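The report below goes through one structure region by region, and it is meant to be read with the sequence and the coordinates at hand.

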Amino acid sequence: MALISDGDKKIIKEEFFSKLINPVRLLVFIGKDHCQYCDQLKQLVEEISELSNLVTYELHDFDSEKELAEKYRINIAPAVVITQGGKDLGVRYFGLPAGNEFGSFLEDIVDVSKGETDLLEETKEALKGINKDVQIYVFVTPTCPYCPMAVRMAHKFAIEHALAGNDKILGNMIEAIEFPELADQYGVMAVPKVVIKVDGEDKVSFEGAYPEKMFLEKLLEALE
């Protein structure tokens with residue numbers, strides 16, 4: 001049984017994938033743990049790849065392909081890295097991008113393919129100068145209506161930073177139900193919950209989908 005209906009496939013082709021420019025490769029890491037939705041994830045990326053010849057995917061074993069996982073800074077699975085033909089732009093999904101996050105997933109594919117986002121020019125300039133390792137964790141659940149905005153903001157920041165020739169920012173969507181131990185570790189009581197880590201240390205956390213300028217202020221606060 002297909003995960004994406006024929007009607008939704010038509011919408012994806014017309015409203016999303018008609019905007020694709022450069023090839024996109026989805027790197028999918030499957031592990032032994034947290035694999036309740038691994039079959040759905042594999043089926044989802046397969047169905048998505050059938051909707052455009054510019055979208056392909058690769059399946060990788062997280063447990064046996066440690067070197068590749070380390071290259072893409074993947075430390076838990078299942079995970080998906082959205083790359084521009086293999087070029088890493090810092091976009092990560094940990095867990096199945098289902099429910100409200102499916103739209104974010106499609107929008108990220110478009111941004112990665114086009115090699116641009118709709119961030120303000122002053123935000124792009126601020127992101128260029130970051131020279132510390134930054135990981136933005138966004139904890140979500142599939143039914144959360146505000147989570148996609150937070151996920152997209154983290155991913156746009158990562159994409160623009162990467163397009164400026166840097167590799168310091170990672171935007172990580174983490175599905176809280178699939179990774180309850182991480183949710184407990186970071187005290188996730190409501191979603192979206194955003195945690196900004198700098199050089200491996202937790203610096204700033206907040207709940208809610210902040211607009212662009214406020215999100216940037218939190219990131220700069222974390223870097224101080």
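## A buried loop residue

In this predicted model, A176 has a relative accessibility of 11%, and because buried means under 20%, this residue counts as buried. A176 belongs to the loop that lies between strand 6 and helix 7 (180–185). Its C-alpha atom is separated by 5.6 Å from that of F139, although A176 and F139 are 37 residues apart along the chain.

## Strand 4 and its two partners

Strand 4, which covers residues 87–94, has six of its eight residues buried, and it is therefore largely enclosed by the rest of the structure. Strand 4 pairs with strand 3 (residues 79–84) in the antiparallel sense, through five bridges, and within this pairing V81 stands opposite R92 of strand 4. The hairpin made by strand 3 and strand 4 has two residues between the strands, and in it G85 adopts a positive phi near 60°.

Strand 4 also pairs with strand 6, which spans residues 169–175, and here four bridges join the two strands in the parallel sense. R92 appears in this pairing as well, where it stands opposite N172 in strand 6. The residue R92 of strand 4 can thus be followed in both directions, with V81 opposite it in one pairing and N172 opposite it in the other. As background for reading such pairings, the side chains of a regular strand alternate between the two faces of the sheet.

## Helix 4

Helix 4 runs over residues 101–114, and the distance from its first C-alpha to its last is 20 Å, which is close to the 20 Å expected for its 14 residues at 1.5 Å a residue. Eleven of those 14 residues are buried, so helix 4 is largely enclosed by the rest of the structure. The buried residues of helix 4 include the phenylalanines F102 and F105 and the aliphatic residues L106, I109, V110 and V112, and among them are also E101, D108 and D111, together with S104 and S113.

For orientation, an α-helix has 3.6 residues a turn, so residues three or four places apart point the same way. Just after helix 4, the backbone at G115 takes a positive phi of about 70°.

## The largest pocket

The largest pocket has a volume of about 250 Å³. Its lining is made up of 15 residues, and of these L44, L96, P97, A98 and G99 lie nearest the centre of the pocket. By residue class, the lining of the largest pocket divides into ten nonpolar, two polar and three charged residues.

## Two disulfides

The structure holds two disulfides, and when the bonded cysteines are counted along the chain, their pattern is 1-2, 3-4. One disulfide is formed by C35 and C38, whose sulfur atoms are 2.0 Å apart; the torsion about this S-S bond is about -70°, so the disulfide is left-handed. The two cysteines of this pair fall into separate accessibility classes, because C35, at 25% relative accessibility, counts as partly exposed, while C38 is buried, with a relative accessible area of 3%.

The other disulfide joins C144 to C147, with an S to S distance of 2.3 Å. The torsion about the S-S bond of C144 and C147 is about 95°, and this disulfide is therefore right-handed. Both C144 and C147 are buried.

Technical notes:
Residues are numbered from 1 along each chain as its sequence is written. This is a predicted model: local features need pLDDT of at least 70, side-chain atom pairs count only at pLDDT 80 or more; totals for chains, interfaces and linings use all residues. Side-chain values use heavy atoms; hydrogens and water are left out. A disulfide is a pair of cysteine sulfur atoms within 2.5 Å. Buried means under 20% relative accessible area, exposed over 50%, partly exposed in between (1.4 Å probe, protein chains only). Two strands pair if DSSP finds at least two bridges between them. On a 1 Å grid over the protein atoms alone, a cavity is a set of points where a 1.4 Å probe fits but cannot get out, and a pocket is an open set with protein on both sides within 12 Å along at least five of seven lines; lining residues have an atom within 4 Å of a point. Grid points are joined across faces, edges and corners, and a volume is the space filled by probe spheres set on the points. Ala, Val, Leu, Ile, Met, Phe, Trp, Tyr, Cys and Pro count as nonpolar, Asp, Glu, Lys and Arg as charged, and the others, Gly among them, as polar. The expected span of a helix is 1.5 Å times one less than its number of residues.
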